[in-house]
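Me: Could you help me go through this structure? I am new to this, so please take it slowly.

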Amino acid sequence: MHAVHEIADGVFWVGMNDRRIERFENMFPLSDGVAYNAYLIKDEKTALLDTVESSVRDRFLQQVENVLDGRALDYLVIHHMEPDHCGNIEEIVRRYPEVKVVGNRKTFEFFKHYYRADLSANAQVVKEGDILSLGTRSLRFYLAPMVHWPEVMFSMDLSDGMLYSADAFGSFGALPGTLFADELDFNRYFLGETRRYHANIVGRYGNQIQTVLKRLPVDSISMICPLHGPIWRKDLSVIWDKIDTWSAYRPERTGVVFIYASMYGNTAEVAETLAFKLGDRGVGDIRLHDVSKTHPSHIIADLWEYSHMVVASPTYNMQLYPPMDALLRELAMLNLQDRDVAIIGNHTWSSAAVRQMIGLFGTMKDIRLLGEPLDIHSSLKAEEEPTLDSLADVIFESVLNRS
Ligand SMILES: Cc1cc2nc3c(=O)[nH]c(=O)nc-3n(C[C@H](O)[C@H](O)[C@H](O)COP(=O)(O)O)c2cc1C
Ligand SMILES: [Fe+2]
Ligand SMILES: [Fe+2]
């Protein structure tokens, strides 16, 4: 029994789905698991492109053995030295002692930090532009530093334009028996998870992704094979444009995401009221998230998608309410930029939330604050409603201008 698929002549997907995993990087909740993609090329030479997480090791090794069907493994190419793809390198070398392990200088440096095996007899170090010939197929390497980690590289099959893109173009979500984006109703099942994966996992590295996108021979690419999620063989411009947009921090939609924190409901009520005021003015596209309820990775995905945000939070022990503080710090870490932001605070005796939110947004690039930050005294009074109306006018105006 095995679950493999020949995705091109002599190229097999030998990846593994993990449907039991609860959280990616022990942080991001997965409702539908994740796929660790790995590919096996059977040409005059055989080459395994990446391995998988150690949690799914046994079946993976069995699959590799089945597909090799008695042949030796000549190469193991490591595009990314992160443990979710490297949990089997030592075992592969043990089973196929003649295998050449192909990576760049940094790949082998990192390997030594994690694992004990001595790869000196197996290592084949490649640099930018090197070509590995497998017979009819040959792989050209592109170093892609910081497209997640410093040692990441892509490779492109010069014979037919298959691009192996490491973590870039990846998605959360196990693959449902079909592998290709054009088969599995991408928009319905994977677009949101691809965005959430991009924003949270490689969102910080937009500039590095832009750099590598510009270096790739885009017209020659026939297939995009990432290390997670669906494989692309049709309508490549769909995913290419998404990755380009997300990595350039360009919003996809004009609309407003509310992120609020509230213990007793007063801040929540202000957020609700303002949302309805925006709705009344004709802003159709509005999302509301309670930071204590919705996992930050989902909120972050929405913030990647939308142009505007309203951020509302109480002061808590002379500080910004901790889940909001954590979310804004995560946004800054992920380099989110070029967004329009309205700020609302709430306090009873001494305000800190507004000041700290302004400070945190001040560390991010191209964040435009809308109107005057509003600082509520415990609850919104009827006589304060005109202030909220003015803020709604400013947000509405800004949304109109960005449409
Ligand atoms: C544990 C705790 C700590 C708080 N610390 C402060 C504070 O340091 N300064 C302040 O002005 N208000 C503080 N407050 C008051 C809240 O900011 C205030 O109750 C606010 O209206 C809560 O909004 P909510 O109804 O949306 O939860 C604190 C409230 C709690 C429960
Ligand atoms: Fe990674
Ligand atoms: Fe990965």
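**Two iron sites and some other details**

Reply: In this predicted model, the site of the iron ion (ligand 2) is irregular, with angles of 91 to 167° among its 4 donor atoms.

Me: Which residues are the protein donors of that iron ion (ligand 2)?

Reply: The iron ion (ligand 2) has as its protein donors H80 through NE2, E82 through OE, H148 through ND1 and D167 through OD, and these lie 1.8 to 2.2 Å from the ion. Along the sequence, the spacing of these donor residues is H-x1-E-x65-H-x18-D.

Me: And are H80 and E82 buried or exposed?

Reply: H80 counts as buried because its relative accessibility is 0%, and E82, with a relative accessible area of 9%, is buried as well. The cut-off to keep in mind here is that buried means under 20% relative accessible area.

Me: What coordinates the iron ion (ligand 3)?

Reply: The iron ion (ligand 3) is coordinated by D84 (OD), H85 (NE2), D167 (OD) and H228 (NE2), at 2.2 to 2.4 Å. Of these residues, D84 and H85 are buried. The spacing of the donors along the chain reads D-H-x81-D-x60-H.

Me: Why is the arrangement around the iron ion (ligand 3) irregular?

Reply: It is called irregular because the 4 donor atoms around the iron ion (ligand 3) subtend angles of 86 to 177°. For four donors to count as tetrahedral, all angles would have to lie between 85 and 135 degrees.

Me: How far apart are the two iron ions, and which residue coordinates both?

Reply: The iron ion (ligand 2) and the iron ion (ligand 3) are 3.4 Å apart, and D167 is the residue that bridges them.

Me: New topic, how many disulfides are there?

Reply: The count comes to 0 disulfides. The sulfur of C86 has its closest cysteine sulfur in C225, but that atom is 18 Å away, which is too far for a bond, whereas a disulfide needs the pair of sulfur atoms to be within 2.5 Å. C225 is likewise in no disulfide.

Me: Are those two cysteines buried or exposed?

Reply: C86 counts as buried because its relative accessibility is 1%, and C225 counts as buried because its relative accessibility is 2%.

Me: OK, what about the surface, which residues make the nonpolar patch?

Reply: M263, Y264 and Y316 make a nonpolar surface patch of about 360 Å². M263 sits in the loop between β17 (253-260) and α9 (266-281), and this residue counts as partly exposed because its relative accessibility is 36%.

Me: Last topic, what is the phi of M146?

Reply: The phi of M146 is near 65°, which is a positive value in a residue other than glycine. As general background, most residues other than glycine have a negative phi. M146 lies in the loop between β13 (138-143) and β14 (153-157), and at 23% relative accessibility it counts as partly exposed.

Me: And what is the phi of N317?

Reply: N317 has a phi near 50°, again a positive value in a residue other than glycine. This residue is found in the loop between β19 (306-316) and β20 (319-320).

Me: Is N317 buried or exposed?

Reply: N317 counts as exposed, because its relative accessibility is 61% and the cut-off for exposed is over 50%.

Note on methods
Residues are numbered from 1 along each chain as its sequence is written. Chains are lettered from A and ligands numbered from 1 in the order in which they are written. This is a predicted model: local features need pLDDT of at least 70, side-chain atom pairs count only at pLDDT 80 or more; totals for chains, interfaces and linings use all residues. Side-chain values use heavy atoms; hydrogens and water are left out. Buried means under 20% relative accessible area, exposed over 50%, partly exposed in between (1.4 Å probe, protein chains only). Donors are N, O and S atoms within 2.8 Å of the metal (3.2 Å for Na, K and Ca); water is not among the atoms, so sites may look incomplete. Four donors count as tetrahedral if all angles lie between 85 and 135 degrees; four count as square planar and six as octahedral if opposite donors are over 155 degrees apart and all others between 65 and 115; anything else is irregular. Patches are made of residues with over 30% relative accessible area and no salt bridge: like charges are joined within 9 Å, nonpolar side chains (Val, Leu, Ile, Met, Phe, Trp, Tyr) within 5 Å. Accessible areas come from the Shrake-Rupley method with a 1.4 Å probe; for residues, only the protein chains shown count as cover. A salt bridge is a side-chain nitrogen of Lys or Arg within 4 Å of a carboxyl oxygen of Asp or Glu. Helices (H or I, at least four residues) and strands (E, at least two) are DSSP runs, numbered from the N terminus.
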